[in-house]
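User: Hi! I'm new to reading protein structures and would love to go through one with you, question by question.

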Amino acid sequence: MGGGDDYRFMALEDAMASLNQKVNIIGVVMEMGMPKRSKGTDCFCSVKIVDQSNWSSGISVNVFAENMEKLPHVESAGDIIQFSHVVMKTHGQEVYALFNKKFSSFAIFEGKYDEDFSPYQVSSKFRPRDQDKKFIRGLRKWLTDSGIDKGMKEPLSLREIREGERADLFCKYTEVLISIRLFDVCHEKILHICEVTKDEWMVFVWDGTDTPPVSIETKLEDEMDNPLPLQLESLPLCRDILCTFPTVGTILRVVVAEGSEKLSLHLLKVGKWVRFLKLICEVHLGLWRGVLMPSTRLRYLPDKDLLVSQRQRLYDERLVSKWERMPLSSFPWPSRITETDYEHVPFVTLMDVLTHSEVTAKFKCVVRVVAMVPWHAKDFCSPSGTYRMRLTLEDPTARIHAFVYAEDGEQLFEGHPPVDVLERKRNKLLGVVGESEEDSEINDALRNPPWVQCCIKSYYLDKGDVWGSRRYRIFGTKLVR
């Protein structure tokens, strides 16, 4: 990467042959390991970089620091980082560079989208030199001309994840066990990060698409005392936070795997698009979640990235379409087992319902009925003949409880049919797999509820706390089969 009197940085290919020597290297950041606590008192992260001499596999630089704030905080994959006085080491067949907090230094610069030569983060021992600009300029030009970032494996969207495999995801952060799948590339936007219990963090990510529906394996009889959760966090997020979330597309909850608690989720950057590598996705109580492993790596992506622009454009198109707020897996149309009184009203999502600006309102949604209380058809009505039930509804954006009461139940079930007719209607609504109509077998049966359209209205119980006492009811909906 250089020669003559102004030689400063060693090409990565040459550095890899300089074992146990101190070297100066500079490269383009391809991915970051999750920051975590080391076995001692230090904090640790790994940065993978490439240059013109070694662009296929690159080299990892292992960085140790006294605290998390002193670790490199790379804004985006494609940014440039220079290391001075790192020591080349080997572990098995792998050659890596070791950053020693006592004498090594680093500086991070924006990548190909920038022309400034001022670093946005430096370590305490960094000393700038005018000669550095030549190498930074050369890497920016090489990154633009080579298109190396375009040759990476196409990431999966949340729509493409499946039970039983692993995958890579591309997401945006929003704010800071059944089958398992490991994904190598997933692009998501980080929406939110929060501490759900002491020292346990959860990340909320989104990419504008919908996770696929999954089968429900819980027993119907358990719904009264041990109901399906409406969300994976122990307490629901406050309304102010929910109102900052997109209303279309799944918001995936991401947690740390058991035994990997040293990973520091709270240092992830809210509002940034990120590409997760080797993220486990699994189904828990019928809800998708992501699990970060010690081997999970990430790449922050700039807002100008082509894939980021594509995801954002698709989301914008779904927002303005009359019908594309329907779950993607319900196309071309939900099941015909229900009809509503408002056939020409556009659909909204359950997140639209939760974040609506008015307490009382009416909506039409496409949902799945994943549970109900009571579940015995003979108990749907009170002794006086009044329907009173609670349904658990879900779509790709949220779960809610919605009540069926009195005349709304009479419309839903077309009056007061015999119990055997109610049972058949119940089984179709819940998506019970199998032919048996015995309650004992229905209770244990696998459920794959169909997508159905229904009307929902919101109301409140307490004038002194209208939002805190907000509830939902089914109305204007009829089961026709």
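Analyst: Happy to help! One definition to begin with: two strands pair if DSSP finds at least two bridges between them. Please keep in mind that this is a predicted model.

User: Thanks! In which sense do β4 and strand β6 pair, and over how many bridges?

Analyst: Pairing requires at least two bridges. One bridge here joins Asn62 to Leu98 in β6. Counting the bridges between β4 and strand β6 (residues 94–99), they pair in the parallel sense, over four bridges.

User: And in which sense do strand β3 and strand β4 pair?

Analyst: Strand β3 covers residues 43–51 and strand β4 covers residues 54–65. The two form a hairpin with two residues between them, and Phe44 stands opposite Phe64 in β4. Over eight bridges, the sense of their pairing is antiparallel.

User: Which strand gives the largest share of the largest nonpolar core?

Analyst: Nonpolar side chains tend to be buried together in soluble globular proteins. The largest nonpolar core in this model has 46 residues, and Ile25, Ile49 and Phe83 are among those with the most contacts inside it. Its largest share, five residues, comes from strand β13 (residues 273–284).

User: How many residues does the second, separate core have?

Analyst: This core includes Phe363, Ala398, Ala402 and Leu429. Leu429 is also one of the buried residues of α7. The second core is separate and its number of residues is 36.

User: Is Ile108 buried or exposed?

Analyst: Ile108 is found in strand β7 (residues 105–109). Its contacts, leaving out residues up to four places away in sequence, include Pro72, Val74, Ile81 and Tyr120. The cut-off for buried is under 20% relative accessible area. Ile108 has 0% relative accessibility, so Ile108 counts as buried.

User: What separates the C-alpha atoms of Ile108 and Val74?

Analyst: Along the chain, these residues are 34 residues apart. Val74 is one of the residues that Ile108 touches. The separation of their C-alpha atoms is 7.1 Å.

User: Which residue forms a salt bridge with Lys141?

Analyst: Look in helix α2 (residues 132–146), where both partners lie four residues apart, about one turn of the helix. Both are exposed. The closest N and O atoms are 2.7 Å apart, and the partner of Lys141 is Asp145.

User: Which parts does the salt bridge between Lys425 and Glu414 tie together?

Analyst: The closest N and O atoms of Lys425 and Glu414 are 3.2 Å apart. Lys425 is buried, with a relative accessible area of 6%, whereas Glu414 counts as partly exposed at 43%. Lys425 lies in helix α7 and Glu414 in the loop between α6 and α7, so the pair ties together parts eleven residues apart in sequence: helix α7 and that loop.

User: Which residues do salt bridges that share partners join into one network?

Analyst: Let's start from one pair: the side chains of Arg399 and Glu394 meet in a salt bridge at 2.9 Å, N to O. Arg399 counts as buried at 4% relative accessibility, and Glu394 counts as buried at 6%. Salt bridges that share partners make one network of Arg368, Glu394 and Arg399.

User: Last one: which residue follows α7?

Analyst: Helix α7 (residues 419–430) has twelve residues and reaches 16 Å from its first C-alpha to its last, close to the 16 Å expected. The residue after α7 has a positive phi, near 70 degrees, and is Gly431.

Conventions: Residues numbered from 1 in each chain as written. Predicted model: local features only at pLDDT ≥ 70, side-chain atom pairs only at ≥ 80, totals over all residues. Heavy atoms only, no water. Core = buried A, V, L, I, M, F, W, Y, C linked by side-chain atoms within 4.5 Å. Buried < 20%, exposed > 50% of the residue type's maximum accessible area, 1.4 Å probe, protein only. Expected span 1.5 Å × (residues − 1). Contact = heavy atoms within 4.5 Å. Salt bridge = Lys/Arg side-chain N within 4 Å of Asp/Glu carboxyl O.
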